[in-house]
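Please open the model in your viewer and keep the selection tool at hand. The tour below proceeds stop by stop, naming what to select and what is found there.

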Amino acid sequence: PMASLTEIIMRAEKGKPSSSLITLMFDAIIGGNFTTSKTGCDQTIRFPDGLLLIMELFPLCDHSLKCEVLSKLTILASRSKRNLVCFTDIDIMGTLVQLINDEGSRDVIDRVLKLIIILARHSVSIKNFKAYYVNVLQVLDDNDLRMKYLKTLESMIHKKPVHSFFDFGGSQNSGIQLPPFRITSSGYTFGFWLRIEDEELHKKRNTILY
């Protein structure tokens, strides 16, 4: 069905996606007017299948439009954790890793790598990580490109630090202390690591993380 829809769009666009089409698709993805500004309307992804359609059309775009698409995808992925989940659920990372093999423009590759870093810091599968690493091994004759790949690989593992700590040690002030945050209509997620310690583990200088 996605391939058929792509074919219909390409017939309407006379074989080449236009900037106005991409703008329309990004508007459709969020169900509103997409903007690159940090302020304005809600930029939450509402129709993630639109991302798949954009990636189907991507190889048919010219150089400047490819850069525009990747810049907008990077902004969209950076908007919220919910958007990152949408990117992960439909495996945009796998498509981006493949793009590195097929793309010849350094400008486009740089933008692909920037988006890969953002997505990988949220979540990356073993399959996609291995595929990316294979790409690193395949560019041994291009030192500049290999260094970019290696720097991206290094950046993947640098996740954001823990925002808050809490302790239930039994003291008067033990509990959860969080920084101020705004609850949106789309809700929020509370994620944490649970560390379990007991006397025996403490003697072994070890802990258990869940």
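Begin by selecting Asp91. In this predicted model, Asp91 has a relative accessibility of 35% and therefore counts as partly exposed, since that class lies between the buried limit of 20% and the exposed limit of 50%. Asp91 sits in the loop between H5 and H6. Its backbone deserves attention: Asp91 is not a glycine, yet its phi is positive, at about 55 degrees. Most residues other than glycine have a negative phi.

Next, display the whole protein as a cartoon. Ten helices and four strands are present. Followed along the sequence, these elements come in the pattern α-α-α-α-α-α-α-α-α-β-β-β-α-β. Of the 210 residues, 33% are buried. If a surface is switched on, the accessible area comes to about 13900 Å², and carbon and sulfur atoms account for 56% of that area. Among contacts between residues at least 6 apart in sequence, 62% join residues at least 24 apart.

Now hide the surface and turn to the interior. Which residues touch the most other members of the largest nonpolar core? They are Leu96, Ile116 and Tyr132, in a core of 48 residues. The elements that each give two or more residues to this core are helix H2 (19-30), helix H3 (49-57), H4, helix H5 (81-89), helix H6 (92-102), helix H7 (106-122), helix H8 (126-137) and helix H9 (143-156). H7 supplies the largest share of the core, with eight residues.

Select Ile116 and show its surroundings. Leaving out residues up to four places away in sequence, Ile116 touches Met93, Leu96, Val97, Ile100, Tyr132, Thr152 and Met156.

One of these partners, Thr152, is the next stop. Thr152 belongs to helix H9. Is Thr152 buried or exposed? Its relative accessible area is 5%, so Thr152 is buried. A polar atom of the Thr152 side chain lies 2.9 Å from the backbone oxygen of Lys148. Apart from residues up to four places away in sequence, Thr152 touches Leu113, Ile116, Ile117 and Tyr132.

Move on to Lys66, which is found in helix H4 (residues 63-79). Lys66 counts as buried because its relative accessibility is 12%, which is under 20%. Which residues surround Lys66, neighbours within four places in sequence aside? Phe58, Pro59, Cys61, Glu103 and Val108 are in contact with Lys66.

From there, select Cys61, one of the contacts of Lys66. Cys61 has a relative accessible area of 7% and is buried. Then select Cys86, which also counts as buried, at 12% relative accessibility. How many disulfides does the structure hold? The number is zero. A disulfide is a covalent bond between the sulfur atoms of two cysteines.

Keep Cys86 selected and add Asp49 for the last stop. Asp49 lies in helix H3. With a relative accessibility of 51%, Asp49 counts as exposed, because the limit for that class is over 50%. Cys86, by contrast, is buried. The two residues are 37 places apart in sequence, and their C-alpha atoms lie 9.3 Å apart in space. Drawing a line between these two C-alpha atoms in the viewer will display the 9.3 Å separation.

Methods. Residues numbered from 1 in each chain as written. Predicted model: local features only at pLDDT ≥ 70, side-chain atom pairs only at ≥ 80, totals over all residues. Heavy atoms only, no water. Disulfide = S-S within 2.5 Å. Buried < 20%, exposed > 50% of the residue type's maximum accessible area, 1.4 Å probe, protein only. Contact = heavy atoms within 4.5 Å. Areas by Shrake-Rupley, 256 points an atom, 1.4 Å probe, with all protein chains shown as cover. Core = buried A, V, L, I, M, F, W, Y, C linked by side-chain atoms within 4.5 Å. Polar contact = N/O pair within 3.5 Å; in protein donor to acceptor, adjacent residues only side chain to side chain.
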